[in-house]
Structures are given as C-alpha cells and as structure tokens.
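Please open the model in your viewer and keep the selection panel at hand. The tour below moves from one chain to the other and ends where the two meet.

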Amino acid sequence: MEFPIALMLVQDGITNGAIYALLALALVLVFAVTRVIFIPQGEFVAYGALTLAMLQAGVVPTTLWLLVGLGVAVTVVDGVPALRAGRPGRLLGVAGWNLAYPLGLAALLSVVPLQSLPQLAQVALALAIVVPMGPQMYRLVYQPIASAPILILLIVSVAAHLTMVGMGLLFFGAEGQRTPAFSEAVLDLGPLMVPGQTLVIVAVSLTLIVALFQFFERTLYGKALRATAMNRVGARLMGISPSLAGKLTFFLAAFIGALSGVLIAPITTVYYDTGFLIALKGFVAAIIGGLGSYPLAALGALLVGQLESFSSFWASAYKEVIVFTLIIPVLLWRSLNSRHVEEEE
Amino acid sequence: MANPNNTVLEIRDLSVSYGKVEALSNASLTVGEGQIVTVIGPNGAGKTTMLSAIMGVLESKGQVAFDGSIEVVPEVERMVARGMNLVPEKRELFSEMSVEDNLLLGAFQRYRSGLRDHANTMEEIYTLFPRLKERRSQLAGTLSGGERQMLAVGRALMAKPKLLMLDEPSLGLAPLIVREIFRIIAELRRRGVSILLVEQNARAALQVADYAYVLETGQIAMHGPAHQLADDPRVIEAYLGLGGKHQAMLAT
C-alpha cells in the first residue's frame with residue numbers, strides 16, 4: 001500500500017471514528033443512568049439526517065407530526081394524574097413543553113421559507129424537531145418499566161428500534177438522501193487533501209466531548225446524573241428523581257444522535273434504516289469500554305473507525321464482518337479479565 | 001426557639017406489607033418541632049420499614065402528615081423538597097465521587113427550586129464535621145466507617161431539612177465514633193432540627209431523645225418520655241440489661 005493511500009484511509013477512519021465515539025458515549029451514558037441498552041440510538045441519527053434533508057428540499061418534515069403525536073400522548077399520560085392530584089401548575093408545564101412547543105414549531109415551519117434559510121438555521125430546526133423525541137420516548141416507553149430487569153429493557157429497546165425504523169420508512173420513503181457539505185473548503189496538506197466536512201465533523205465531535213465532560217464534572221445536573229448512575233437509591237433520597245435523570249439522559253442521547261446524523265449526511269447517503277448499522281459500530285466501541293468507561297469507549301470508537309476504513313480497502317465486501325468480529329476477542333478478553341459482579345436486585 | 005407543641009410529623013395507622021406479610025401494622029407516632037424522637041426495638045421489628053414508608057420509598061396504607069399537610073401517596077422527591085430527609089442504614093453514598101461533590105448533591109433539590117445557598121450551608125457542615133473538610137477532595141468510597149456516617153448525615157443536612165430521619169446511625173461503628181455521632185445529634189437539636197432516630201443501641205438513644213417508642217413485631221408496644229422509658233422495668237429487661245451500662249456513656 002502506498003503512503004498517501006494509507007494516510008487517506010487513516011483520515012477516513014478518524015472521521016467515522018469521531019461519529020462512533022459520540023454514539024458510543026451516548027450509549028454508555030444511557031446505560032449507566034437508566035440501564036437501558038439504547039438500540040434506537042441509530043434511528044435518531046437517521047431521523048436527524050433525513051429531517052435536515054427534507055427541510056433543505058423545502059418540505060415541512062413529516063417527523064414534525066411524530067413530535068406532535070408524542071407530545072399529545074405525554075400530555076395525556078402526565079397531565080391527567082397532575083390534574084387528579086390537584087396540581088394545575090404541573091399540567092401547565094407538561095402541556096407547555098409537549099403541546100405548545102411542537103405546535104409553535106409547526107407554525108414556525110409553515111411560515112418561514114425553509115429552502116432559503118441559512119444552513120445552520122436548517123440544522124437548528126432539524127435538531128429542534130428530533131431531539132425532544134428523546135425525553136418523550138423515555139416518558140412513554142421506558143419510564144413505566146424503569147425498574148424492570150435489564151433483559152426486559154433490552155427487549156423493549158428492540159421493539160422501539162423496529163417501530164422507529166418502520167415509521168422512518170413511512171416518513172422518509174425508501175430513497176436515500178445526501179445533504180450538501182457544511183464547507184466546500186479543502187485543506188491541502190502535501191500528500192493529503194482534507195475536505196472541510198471532515199474538519200467540521202472532527203471539530204464538532206471534539207467540542208461536544210469536551211462540553212459533555214465539563215457538564216458531568218462541573219455542573220450540579222451533570223453530577224446528579226453521575227450520582228444516579230452510581231447509586232440509584234442514594235440519588236433518590238437526595239430528591240434526584242429517576243424520571244428526571246432518565247429524561248435528561250435521553251435528551252442528551254437524542255441530541256448526540258441527531259447531531260451525528262446531521263454531520264454524516266454530507267459524506268454518506270443516509271436511508272431510513274442506515275442509522276442502525278452506524279449505532280451498532282458505536283455499540284461495538286462502547287463494549288470495548290465495557291459499557292462503563294467513557295475514555296475506553298472513545299478509544300474503541302477510533303479503533304473501530306480505523307479497522308473499518310482499512311478493511312474497506314483490503315476486503316471491502318467483508319468490512320462489516322471484520323468490524324463486528326472485533327467484538328468476539330474483546331468480549332473474550334473482558335470476560336477473562338474481569339470478575340463477574342451479580343446484578344443488584 | 002422551636003416550639004415542641006408544633007408537630008412536624010404525625011403518622012396515623014401506618015401499615016406496610018411485603019406481599020401477605022405485614023411488616024408494620026397501624027403504627028402511630030408524632031414528632032414535635034425541635035424534638036428528638038427515637039424508635040427502639042429488636043432486629044426485624046419493622047423500624048427501617050417504618051422510615052422507608054414515611055419517606056415514600058415503600059408503599060403504605062395510612063396517613064402521613066408532614067409539616068401541616070397530608071400526603072396521600074408520599075413521593076420521595078416531593079418529601080425531600082418539602083424538607084424531610086432520610087439517612088439510610090446503608091448510607092448510600094456516591095462512593096466514586098469526592099466528599100465535596102457528595103455534599104453538593106445533598107443540596108440538589110434546593111438548587112433545583114432556585115435556592116442557591118449551598119456554599120454557606122457547606123461551610124456550616126464543615127464546622128460541624130471538621131473531619132469532612134480535611135477529606136473534602138477524597139473519594140467517598142475511601143472514607144472510614146465513622147467518616148462515612150458523618151458524610152451521610154452532612155449530605156442530608158445540605159438540604160436544610162425540617163425533619164431528619166436517621167436509621168441506625170451507630171451501626172457498625174467503634175464506641176468512640178458512636179459517641180461522636182450522638183454528640184452531633186444533640187447538637188443538631190440545639191440548631192432546631194427535628195429528629196426521628198431509629199436505633200438498636202437503646203441506652204444511648206433513650207439518653208439523647210425526648211420521647212421514645214418501642215416497636216415490636218411491627219407494632220408500637222410502648223411509648224412515653226424517653227427518661228421514663230429508660231426507667232421502665234420492661235424496657236430495662238428487654239433492651240437495656242444490667243450489663244449494658246457502659247453504653248449509656250456513649251451518649252454523654
């Protein structure tokens with residue numbers, strides 16, 4: 001292999017690895033706080049990318065109606081008990097976030113000229129539509145069974161994933177979409193031509209990772225999430241409710257997912273079901289970190305990215321096989337090296 | 001000064017069952033403002049169950065009136081927000097976080113409702129527990145048993161509770177540390193915190209408390225002013241014994 005080709009492959013691997021790292025961090029976070037293995041993570045990637053593509057085509061995204069529908073459901077589920085308990089203030093809060101917000105967004109989308117908006121505004125709108133679905137999903141799907149065993153949560157995750165893929169086909173159709181790059185600039189580094197999009201992806205990922213780190217180390221809400229992950233009973237006795245922690249976590253996971261989708265849409269064609277495979281690679285990375293270590297998961301993501309890009313050069317037909325086979329030696333190594341700890345009941 | 005005639009907590013006919021087994025039946029109890037009330041009794045009498053039910057960790061039947069209003073279904077987060085705090089038997093610290101972060105999280109509910117005075121509260125707690133200040137950047141998991149108990153109490157105090165419930169604060173601690181813990185309990189009362197104390201160390205608990213209840217097999221068997229119960233022959237025979245005199249020293 002020639003040196004420039006190797007460099008190009010490394011660069012490709014880093015770009016993809018940065019996305020996998022983000023998704024791996026989200027998966028570790030969701031698992032640590034709620035014990036949910038978040039298989040629908042990838043659907044947020046696809047929803048983010050395809051919602052952006054629809055906005056750029058000048059169409060009001062169909063995902064908006066899902067947001068409205070979920071909002072109505074959450075308002076009913078949370079509002080009725082609040083009304084019964086005689087706490088109208090709470091009802092108002094619930095309805096504000098889940099009814100007024102989606103409807104306001106719908107009104108906004110129907111008046112602004114979507115196609116001619118600046119790209120960043122389109123991205124912001126796409127995130128504004130997709131991200132709130134994270135906490136809504138937690139409220140409707142996971143909160144009622146929050147104390148169920150991990151296996152049940154996993155099975156529900158599979159169901160949620162399949163439902164979201166099905167709805168994705170309904171919303172976006174079977175065709176793939178690719179959005180224009182955020183930057184057409186090309187950085188010329190001797191033998192290497194780095195496209196602007198790559199720089200955007202790496203820069204945004206790094207920024208987000210640093211921001212997440214700051215959030216968990218410096219803010220009280222971040223610490224509250226870590227505390228919930230460490231000791232659920234203790235956190236509850238401090239007044240950190242598990243449902244608040246769950247919603248906050250799913251908000252972050254949905255944000256990371258949708259943002260990843262927006263970032264990769266210019267470099268790969270995204271179909272309604274593309275997200276699953278991308279998130280699965282993030283999952284492999286998370287497993288390398290034992291679903292518990294953020295730095296190991298991020299390193300694992302870079303490894304997965306490199307492995308993928310080099311195997312697509314040497315044996316492109318087998319590239320997925322090679323990447324997913326990585327999980328076997330990792331699991332072997334982990335199971336030989338770590339003592340088994342019983343799950344607390 | 002706190003007026004002991006005002007009740008902070010009043011529970012009436014509180015019952016808890018695990019499946020068909022009733023762990024607590026029709027317990028009634030009152031804690032006045034600024035009072036220390038203790039519940040003593042043997043292992044398995046339902047003491048921890050009672051605290052969990054009051055806090056809303058366990059489902060229960062009956063009435064819990066706290067600070068003047070009745071909660072039909074006590075909900076932990078709401079009780080914390082209203083000024084009730086439980087230091088559980090197992091402490092439940094955040095062991096991979098620093099002492100300071102543990103304390104900070106104690107103020108979470110206050111912070112959330114917009115009261116950002118945690119820096120001052122933390123200074124107060126450091127004066128109460130100078131040991132915690134020395135160890136503030138250490139991970140909670142590396143503390144000794146006594147320090148953990150201090151941290152658990154300190155963390156609960158960060159919420160500035162009206163009622164502090166302590167579940168077996170002396171369990172598993174060396175005698176000198178137990179003495180320190182009881183000194184702090186007495187000090188907290190001086191600061192106006194009402195305390196509901198569950199203890200197996202009956203002698204020390206009766207020494208420090210104003211009023212006491214004896215819980216046996218899920219029922220309140222006796223109650224009365226603490227010094228009166230300490231002289232009651234039935235209590236002496238069952239819980240204090242003659243050889244256990246040195247235990248009272250722990251509360252002095």
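Helices here are DSSP runs of H or I with at least four residues, strands are DSSP runs of E with at least two, and both are numbered from the N terminus. Keep in mind throughout that this is a predicted model.

**Chain A as a whole**

Begin by selecting chain A and colouring it by secondary structure, which brings up 15 helices and two strands. The radius of gyration of chain A is 21 Å, close to the 20 Å that the globule rule gives for 345 residues, so chain A is as compact as a globular protein of that length. If you orient the view along the principal axes, the C-alpha atoms of chain A fill a box of roughly 70 × 60 × 35 Å. Colouring by burial would mark 42% of the 345 residues of chain A as buried. Among the contacts of chain A that join residues at least 6 apart in sequence, 75% link residues that are at least 24 apart.

**The hairpin of chain A**

Next, select residues 186-189 and 192-195 of chain A, which are strand 1 and strand 2, and which pair in the antiparallel sense over four bridges. Within this pairing, Leu189(A) stands opposite Leu192(A) of strand 2. Two residues lie between the strands of the hairpin, and Gly190(A) takes a positive phi near 60° there.

**The sheet of chain B**

Now hide chain A and turn to chain B, where six strands form an open sheet with mixed pairing, in the order 6-7-8-3-9-10. Which strands stand at the edges of this sheet? They are strand 6 (84-87) and strand 10 (219-225) of chain B, and each has a single partner strand, so one side of each is left without a neighbour in the sheet. Looking across the sheet, you will find that the twist averages 15° from one strand to the next.

Within the sheet, select strand 7 (residues 163-167) and strand 8 (residues 194-199) of chain B, which pair in the parallel sense over five bridges; in strand 8, Val198(B) is the residue opposite Asp167(B). Then add helix 8 of chain B, which lies across strand 3 (36-40), strand 7 and strand 8 of chain B and runs at about 155° to strand 8.

**Two domains in chain B**

Colour chain B by its domain assignment, which gives domain 1 (7-83 + 161-249) and domain 2 (91-155). The C-alpha centres of domain 1 and domain 2 of chain B lie 23 Å apart, and eleven residues of domain 1 are in contact with seven residues of domain 2. On the domain 1 side of this contact, helix 2 (76-82) and helix 8 (175-190) of chain B are the elements that give two or more residues, and helix 8 of chain B provides the largest share, with five residues. By class, that side of domain 1 has eight nonpolar, one polar and two charged residues.

**Where the chains meet**

Finally, show both chains again and select the interface, where 15 residues of chain A are in contact with 19 residues of chain B. On the side of chain A, helix 9 (220-230) and helix 10 (232-237) each supply at least two residues. Which helix of chain A gives the most to this side? Helix 9 of chain A does, with six residues. Colouring the chain A side by class shows eight nonpolar, four polar and three charged residues.

Conventions: Residues numbered from 1 in each chain as written. Chains lettered and ligands numbered in written order. Predicted model: local features only at pLDDT ≥ 70, side-chain atom pairs only at ≥ 80, totals over all residues. Contact = placed C-beta atoms within 7 Å. Nonpolar A, V, L, I, M, F, W, Y, C, P; charged D, E, K, R; others polar. Rg over C-alpha atoms; globule rule 2.2 N^0.38 Å. Buried ≥ 20, exposed ≤ 12 C-beta atoms within 10 Å, placed from the backbone. Domains from an automatic or database assignment. Pairing = 2+ DSSP bridges. Axes fitted to C-alpha atoms, helices over the stretch in contact; angles between N-to-C directions.
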